[in-house]
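The following exercises concern a single protein model and are to be worked with its sequence and coordinates at hand. Each task is followed by a stepwise solution.

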Amino acid sequence: MAFARRRLTWALASLLPLAFLGVFFLWPVVAIVGLGLRDGVQVDADTWGLVGFTLGQAAAATAVALVAGLPVAYLLARCRVRGTGVVRAAVMVPFVLPTVVVGLAFRALWPDGGVLPIVLANAFFNVAVVARTVGGLWARLDRRVEDAARSLGASRLRAFRSVTLPALAPAIGSAAAVVFLFCSTAFGVVLVLGGARYRTLETEIYLRTVQLLDLSGAATLSLLQFAAVIAVLVIGVVTRRRRERGLPLRVEPPRRPGGGEWVVVGAAWLVVGVLLVPVVALTVRSLSTVDGWSLAGYRALAGTGERGTLVVSGLDAAVRSLRAATDATMIALVVGVLSAVVLVGLRRSGSWFAETLDTALMLPLGVSAVTVGFGYLITMDALPGDFRTSPLLVPLAQALVVTPLVVRIVLPVLRAVDERLRQAAATLGASPWRVWREVDFPLAFRSLVAAAGFGFVVALGEFGATSFLARPDAATLPVVIARLMSRPGQLNSQLAYAACVLLMVVTTVTVLLIERLRVPSSGEF
């Protein structure tokens, strides 16, 4: 009886995250699917061209990210050299930079945009995904298997090709699938660098919704995007399962590289140097004008741009970004931490529902933020008081993106808490709430802070859904940057680059603080 009551308690506790997911994710997405099917799915040659370009640039960016990320993964996982901590933080910064900022950073290097900067910018974002995902497994591979191959006469390269690479294949496949997913739904980068010449499904959905008011056509493109993303995920899962097998894992301490390993270490440092080039270019561009070096862009943050381009000043937009990101982080922490606690409780009680809930919570990562923002426009007016005009709409949309991240950071730590500690506290008379407060919370505190920090920077730079939902008089800084770059004028351009540097500094400082709080057992993100 007590066991059944415990299961029922955890099932009831899961209602809050399920309600959040149902109202602010499933409902808008289902509404878009219905809108697309209502008038029939009409696909012409231009649409297939969009699909081809979307998948092609994503595949190319994934390949570049894999080539650049593997040496960094090796350095972080296997090598004991000075500066590893710097490398770990340096590759993480691009991953959390706002997409608009990265787009403008590459535009500072390639003013005319094009396919190559789009591919490189998407790869720039995702080197961290490859390095952290592959490095996590690489650090735990038993070196003795590779050493045995070397003792039998295999060269270092052949031992890597025959022993290490097959063992890493599942992690490489997972990283490739995630990177491809991110690149195929990239929005800010393609919007800034592609202009009117190069568009993906994501930017075309935005164009048809905001500028052409073609909601049916945008819904059709959303359906195609769903189909493409799901197909890629299924192919990735099938391929990965074919290669998965039991591996001899152990905690392998890093050691000083020798011989040819220094070549890989050098390649990793070269990758880090290349990653810093767009960041430096962006900073230099914010200070240079046709008349020489100037702080005009930074001084203009207090105004509304050339000839009143903006409705609000740059500083007002920055303050609004901080408020929205703070609200989104708080919402995501409540929903995400409660979800993680419920998942641990359901798993302890042996419920099959745990795996289903865990998968459902990750669904927002597989659907583009632009599609979700589009869905809000056609559904939220049904809520009391026309919720489309609510100031909470932007934080709620950002929280939807942040919540899976909070779950993934907090859940491994809560699962690692020794159950005997909880049982001992309960035996001494502590209530479930006091057990959580006295046992789980102190052990998970650092991961909670890290989750809050990552959630804050991701919400701060969120652009896809926010660009749909933020009113001109309530625009966030990424939306203001995109608006400035679409208008002519030297001061507008300088103001946009200065705002990018401001966002970049806040993001970088936050990531460096998070790295100091990093808990090894909290996963790679």
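**Exercise 1.** Determine which residues W269 touches, not counting residues up to four places away in sequence, and state where W269 lies.

*Solution.* Step 1. With contact taken as heavy atoms within 4.5 Å, W269 touches L75, R82, G83 and V87. Step 2. The model is a predicted one, in which local features need pLDDT of at least 70, side-chain atom pairs count only at pLDDT 80 or more, and totals for chains, interfaces and linings use all residues. Residues are numbered from 1 along each chain as its sequence is written, and side-chain values use heavy atoms, with hydrogens and water left out. Step 3. W269 belongs to helix α12; helices (H or I, at least four residues) and strands (E, at least two) are DSSP runs, numbered from the N terminus. Step 4. Its relative accessible area is 36%, so W269 counts as partly exposed. On this scale buried means under 20% relative accessible area, exposed over 50%, and partly exposed in between (1.4 Å probe, protein chains only).

**Exercise 2.** Describe how helix α3 and helix α12 cross, and list the residues that meet.

*Solution.* Step 1. The axes of α3 (residues 45-78) and α12 (residues 261-287) come within 8 Å and cross at roughly 120 degrees. Axes here are lines fitted to C-alpha atoms, for helices over the stretch in contact, and angles run from 0 to 180 degrees between N-to-C directions. Step 2. The crossing is left-handed, a term for the near helix being turned anticlockwise from the far one by less than a right angle. Step 3. From α3, the residues A68, P71, V72, Y74 and L75 take part; they meet E261, V264, V265, A267, A268, W269 and V271 of α12.

**Exercise 3.** State how far apart W269 and G373 are in sequence and in space, then assess helix α16 for burial.

*Solution.* Step 1. W269 and G373 are 104 residues apart in sequence, and their C-alpha atoms are 39 Å apart. Step 2. G373 is among the buried residues of α16, together with V370, T371, V372, F374, G375, Y376 and T379. Step 3. Helix α16 (residues 369-379) is largely enclosed by the rest of the structure because 8 of its 11 residues are buried.

**Exercise 4.** Which residues are linked in a network of salt bridges?

*Solution.* Step 1. A salt bridge is a side-chain nitrogen of Lys or Arg within 4 Å of a carboxyl oxygen of Asp or Glu; the whole structure has 4 of them. Step 2. R199 bridges to E204 at 2.5 Å, N to O, and R208 bridges to E204 at 3.0 Å, N to O. R199, E204 and R208 are thus linked in a network. Step 3. R208 and E204 are separated by about one helical turn, because they stand 4 residues apart in helix α10 (residues 201-210). In general, an α-helix has 3.6 residues a turn, so residues three or four places apart point the same way. Step 4. R208 and E204 are both buried, whereas R199, at 31% relative accessibility, counts as partly exposed.

**Exercise 5.** Characterise the salt bridge between R437 and E438.

*Solution.* Step 1. The closest N and O atoms of R437 and E438 are 3.3 Å apart. Step 2. R437 is partly exposed at 38% relative accessibility, and E438 is partly exposed at 45%.
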